[in-house]
Amino acid sequence: MHNVVCVKQVPDSAQIRVHPVTNTIMRQGVPTIINPYDLFALEAALELRDKFGGEITVLTMGPPSAEDTLRKALTFGADRAVLLTDRYFAGADTLATTYALATAIRKIGRDYGPPDLIFTGKQTIDGDTAQVGPGIARRLGVLQLTYVAKIGTLDLATRTIEAERRSEGGVQVLRSRLPSLITMLEATSQIRRGTMADALRAARAPIVKWNAQQAGVEDISKCGLKGSPTVVKRVFAPSARAEKATLVDAAARPAQALIDAIFKHEPKLETELAALARG
């Protein structure tokens, strides 16, 4: 089977700063990492390859420096890496990004075989929109399973897959046909340590690089800033909370002490709860 995993190079969120005048993210000097949620997607694809064989292609869109992210993915065991890079892609929002990535996935399918599954993380830590995965699925016309916590059974003969999806009401067990797109939740599995052989292979492996024309993009106006209707009005760091934590002495009756402290801090809450209890 052939799985495609979309990854993204993102700035390390622990070291991001916001410019005090322009209110824009200051990326200069900030180290980049693989989007952490994408690592769960990559591990899910690797586990399926362990069971069923096949190949894994990792795909990213970004500047030439994003090659480092792809080589890191190769050290974990991915078979092939594709970098979609062109100045026409600069400034893309999620709409333009999904157009470019979907176009590249179609070319991957023509060159290396149609993908059975397409994996993404649930979202990225720099955008947090969770729109790219579903957007790719919509553009490719494939079924999507979002917020997947666990992949259950996969039957290549019947071309079906079962997955556990977390929702507000609990856990849903869904069955879908292949090909499908899956967005993986965090903490679903721990990314494996790459082998020494994979590390050596990643260091010398050729990275497939496509510009817009090579990827088969037909309409440049749908790419990058031109194809991005999203307008970011302001970016800012949240102000620190002035409230201090309250120390509760709960040695004797911890539950009751905590409840009393909550009602003391929120006096209206007790009345509201009592009213709800009465119906």
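In the predicted model, strand β1, formed by residues 2–6, is mostly covered, with five of its five residues buried. The side chains of this strand alternate in direction: His2, Val4 and Cys6 point one way, Asn3 and Val5 point the other way, and all are buried. Strand β1 has two pairing partners described here. With strand β6 (residues 55–61), β1 pairs in the parallel sense over five bridges, and within this pairing Cys6 stands opposite Leu59 of β6. With strand β8 (residues 117–121), β1 also pairs in the parallel sense, over three bridges; here Leu117 of β8 is the bridge partner of Asn3.

Strand β8 is likewise mostly covered, and five of its five residues are buried. Leu117, Phe119 and Gly121 lie on one side of β8, Ile118 and Thr120 lie on the other, and both faces are covered. Beyond its pairing with β1, β8 pairs in the parallel sense with β12 over five bridges. In that pairing Gly121 stands opposite Met184 of β12. Strand β8 is thus bridged to β1 and to β12.

These strands belong to a chain with eight helices and 13 strands. The chain comprises 279 residues, of which 40% count as buried. Taken along the principal axes, its C-alpha atoms fill a box of roughly 65 × 55 × 40 Å. Among contacts in the chain with a separation of 6 or more, 71% are accounted for by residues 24 or more positions apart. The accessible surface of the chain comes to about 16,400 Å², and carbon and sulfur atoms contribute 54% of that area. The chain carries 36 positive and 29 negative side chains, with the centres of the two sets lying 4 Å apart.

In soluble globular proteins, nonpolar side chains tend to be buried together. In the present model, the largest nonpolar core has 36 residues, and the members that touch the most other members are Val5, Leu42, Phe119, Ile151, Ile182 and Met184. At least two residues of this core are supplied by each of α1 (36–52), β6, α2 (67–75), β7 (80–84), β8, β9 (143–155), β10 (160–167) and β12 (180–184). Helix α1 provides the largest share, seven residues. Another core, of 23 residues, lies apart from this one, and Cys6, Leu59, Ala104 and Ala137 are among its members. Two of these members, Cys6 and Leu59, are the residues that stand opposite each other in the pairing of β1 with β6.

The surroundings of Met184 were examined further. With neighbours within four places in sequence left aside, Met184 is in contact with Phe40, Ala41, Ala44, Phe119, Thr120, Gly121, Lys122, Val148 and Ile151. These contacts include Gly121, the residue of β8 that Met184 stands opposite, as well as Phe119 and Ile151, which are named with Met184 among the residues touching the most other members of the largest core.

Helix α4 spans residues 132–140, and its buried residues are Gly133, Gly135, Ile136 and Ala137. The elements against which these buried residues pack are β1, α3, β8, β9 and β12. Just after α4, Gly141 adopts a positive phi of about 75°.

Two further helical positions illustrate different degrees of exposure under the cut-off of 20% relative accessible area, below which a residue is called buried. Thr97 lies in helix α3 (residues 94–112). Thr97 counts as buried because its relative accessibility is 14%. Apart from neighbours within four places in sequence, Thr97 is in contact with Met61, Ala92 and Val132. Phe263 is found in helix α7 (residues 254–265). Phe263 has a relative accessible area of 21% and is therefore partly exposed. Leaving aside neighbours within four places in sequence, the contacts of Phe263 are with Leu269, Glu270 and Leu273.

Note on methods:
Residues are numbered from 1 along each chain as its sequence is written. This is a predicted model: local features need pLDDT of at least 70, side-chain atom pairs count only at pLDDT 80 or more; totals for chains, interfaces and linings use all residues. Side-chain values use heavy atoms; hydrogens and water are left out. Helices (H or I, at least four residues) and strands (E, at least two) are DSSP runs, numbered from the N terminus. Buried means under 20% relative accessible area, exposed over 50%, partly exposed in between (1.4 Å probe, protein chains only). Contact means heavy atoms within 4.5 Å. Accessible areas come from the Shrake-Rupley method with a 1.4 Å probe; for residues, only the protein chains shown count as cover. Lys and Arg count as positive and Asp and Glu as negative; His and the chain ends are not counted. The place of a charge is taken as NZ of Lys, CZ of Arg, CG of Asp or CD of Glu. Two strands pair if DSSP finds at least two bridges between them. A nonpolar core is a set of buried Ala, Val, Leu, Ile, Met, Phe, Trp, Tyr and Cys residues joined through side-chain atoms within 4.5 Å.
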